[in-house]
Amino acid sequence: MKFTDMDMLQDYEKDARMAVLAYSLIQTEVIDPKLRLIMSEAHNQAAKAQKDAADLVLSRGDRP
């Protein structure tokens with residue numbers, strides 16, 4: 001099976017979306033304030049990556 005660039009981009013968008021969920025879940029389990037802040041930043045960065053990838057997929061006429 002041969003994957004296209006769009007397939008890879010859509011897969012990246014999905015993985016970034018899953019990272020957003022995972023970091024959010026981990027943040028709710030953490031008690032240490034500094035570690036919670038780190039998880040919050042990881043969540044924000046993953047959300048930004050997901051949005052950028054989704055926007056790129058949409059601009060190419062496909063859907064994430």
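1. The side chains of K14 and D11 come together in a salt bridge, with 3.5 Å from N to O. This contact belongs to a predicted model, and its geometry should be read as that of a computed structure. The two partners lie 3 residues apart in helix α1, so K14 and D11 are separated by about one helical turn.

2. K14 also takes part in a second contact, since the side chains of D15 and K14 meet in a salt bridge at 3.0 Å, again from N to O. Taken together, D11, K14 and D15 are linked in a network of salt bridges, and K14 has a contact with D11 as well as one with D15.

3. As to the surroundings of this network, K14 has a relative accessible area of 36% and is therefore partly exposed. D11, with a relative accessible area of 35%, is likewise partly exposed, and D15 counts as partly exposed because its relative accessibility is 39%. The class rests on a window of values, as residues under 20% would be called buried and those over 50% exposed.

4. Helix α2, which covers residues 33-59, offers another salt bridge, in which the side chains of K51 and D55 meet at 2.7 Å from N to O. K51 and D55 are 4 residues apart in helix α2, so about one helical turn separates them. K51 is partly exposed because its relative accessibility is 49%, a value to be read against the cut-off of over 50% for exposed residues; D55, for its part, has a relative accessible area of 36% and so is partly exposed.

5. How many salt bridges does the structure hold? The total is 5, and those described in this note include the pair K14 and D11, the pair D15 and K14, and the pair K51 and D55.

6. A separate point concerns the nonpolar surface, where M1, F3 and M8 make a patch of about 450 Å². One of these residues, M1, is found in the segment before α1, the helix that spans 5-29. M1 has a relative accessibility of 92% and therefore counts as exposed, and this value can be set beside the requirement that patch residues have over 30% relative accessible area and no salt bridge.

Key:
Residues numbered from 1 in each chain as written. Predicted model: local features only at pLDDT ≥ 70, side-chain atom pairs only at ≥ 80, totals over all residues. Heavy atoms only, no water. Patch = residues over 30% accessible without salt bridge, like charges linked within 9 Å, V, L, I, M, F, W, Y side chains within 5 Å. Areas by Shrake-Rupley, 256 points an atom, 1.4 Å probe, with all protein chains shown as cover. Salt bridge = Lys/Arg side-chain N within 4 Å of Asp/Glu carboxyl O. Helix = DSSP H or I, 4+ residues; strand = E, 2+ residues; numbered from the N terminus. Buried < 20%, exposed > 50% of the residue type's maximum accessible area, 1.4 Å probe, protein only.
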